[in-house]
Amino acid sequence: MIVCVSVSHGNTKKVADVMGQALDAPVVAPEDVDVAELSTCDLVGFGSGVYSMALHPRLLELAASLPKGEHRRAFVFATSGFPEAPFRPFTRPLVRLLERRNFEVVDTFSCRGWDTMALFKPVGGVRKGRPHAADLEAARAFAAGLPTRIGAMPVRGPAGG
């Protein structure tokens, strides 16, 4: 399952859809997560765009509300106008929340996305046209490689190669 918040330009939804195809996984909004179904998943993706150097509050609230269950695996992904700053990584708070809920976060992924927030709005934003085809291929390859990295069977067929 892939849990995704994408509100501005659909950047993160594009990435989530490509990852979902590669993993043969449904893409759902945080408010549509069935916690019982989520607990049966071998791997869960959590992603959003970046807003004021943080992932979306709806995604963080979901992660904080999840029951601490048996060991589960997850990955975190994001789209943003700018790279993750070393002094304030935007994925770290979500990774920590998930780890407190007994998730092993096996990897993170981010790519640029069209950003029209704050100062950039009057000039049409930054990174217009992103994520582009190369970004989406990188997201697909990242997701397709996850099962092998966690020791699960790779996805086969049209979505997984």
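Here are some exercises with worked solutions on a predicted model of one protein chain.

**Exercise 1. Get your bearings**

Work out how many helices and strands the chain has, and in what order they come.

Solution. Start with the tally: the chain holds five helices and six strands. Next, walk along from the N terminus, and the elements read β-α-β-α-β-β-α-β-α-β-α. Then look at burial: of the 161 residues in the chain, 45% are buried. Finally, check the contacts between residues at least 6 apart in sequence: 75% of them link residues at least 24 apart.

**Exercise 2. Follow strand β1**

Find the strands that pair with β1, and decide whether its two faces are covered or open.

Solution. Take β2 (residues 27-28) to begin with: β1 pairs with β2 in the parallel sense, over two bridges. Within that pairing, Ile2 has Val27 as its bridge partner. Now turn to β3 (residues 43-51), which runs parallel to β1 and is joined to β1 by four bridges. Here Cys4 sits opposite Gly47. That leaves the faces of β1 (residues 2-5), and both are covered. Ile2 and Cys4 are buried on one side, and Val3 and Val5 are buried on the other.

**Exercise 3. Two helices in contact**

Describe how α3 and α4 cross, and say what kinds of residues make the contact.

Solution. Get the geometry down: the axes of α3 (residues 57-65) and α4 (residues 92-100) come within 8 Å and cross at roughly 20°. Angles under 35 degrees count as roughly parallel, so α3 is roughly parallel to α4. As for handedness, α3 passes α4 in a left-handed crossing. Now list the residues: α3 brings Leu59, Leu60, Ala63 and Ala64, while α4 brings Leu94, Leu97 and Leu98. Sort the residues of this contact by type and you get seven nonpolar, no polar and no charged.

**Exercise 4. Thr12 and Val35**

Classify Thr12 and Val35 as buried, partly exposed or exposed, and list what each one touches.

Solution. Thr12 lies in helix α1 (residues 11-23). Buried means under 20% relative accessible area, so Thr12, at 2%, counts as buried. Skip residues up to four places away in sequence, and Thr12 touches Cys4, Val5, Ser6, Gly47, Ser48, Gly49, Phe77 and Thr79. Two of those names should ring a bell from Exercise 2: Cys4 and Gly47 stand opposite each other in the β1 and β3 pairing.

On to Val35, which belongs to helix α2 (residues 35-38). Its relative accessible area is 36%, so Val35 is partly exposed. Leaving out neighbours within four places in sequence, Val35 is in contact with Leu66 and Pro67. For a distance check, take Ser65: Val35 and Ser65 are 30 residues apart in sequence, and their C-alpha atoms are 9.9 Å apart.

**Exercise 5. Positive phi without glycine**

Look at Asp24 and Asn102, and say where each one sits and how exposed each one is.

Solution. Asp24 isn't a glycine, yet its phi is positive, at about 55°. Trace the chain and you'll find Asp24 in the loop between α1 and β2. With a relative accessible area of 65%, Asp24 is exposed. Asn102 isn't a glycine either, and its phi is about 75°. Asn102 is in the loop between α4 and β6 (103-112). Its relative accessible area is 26%, so Asn102 is partly exposed.

Notes
Residues are numbered from 1 along each chain as its sequence is written. This is a predicted model: local features need pLDDT of at least 70, side-chain atom pairs count only at pLDDT 80 or more; totals for chains, interfaces and linings use all residues. Side-chain values use heavy atoms; hydrogens and water are left out. Axes are lines fitted to C-alpha atoms, for helices over the stretch in contact, and angles run from 0 to 180 degrees between N-to-C directions. Angles under 35 degrees count as roughly parallel, over 145 as roughly antiparallel, 65 to 115 as roughly perpendicular and the rest as oblique. A crossing is left-handed if the near helix is turned anticlockwise from the far one by less than a right angle, and right-handed if clockwise. Contact means heavy atoms within 4.5 Å. Ala, Val, Leu, Ile, Met, Phe, Trp, Tyr, Cys and Pro count as nonpolar, Asp, Glu, Lys and Arg as charged, and the others, Gly among them, as polar. Buried means under 20% relative accessible area, exposed over 50%, partly exposed in between (1.4 Å probe, protein chains only). Two strands pair if DSSP finds at least two bridges between them.
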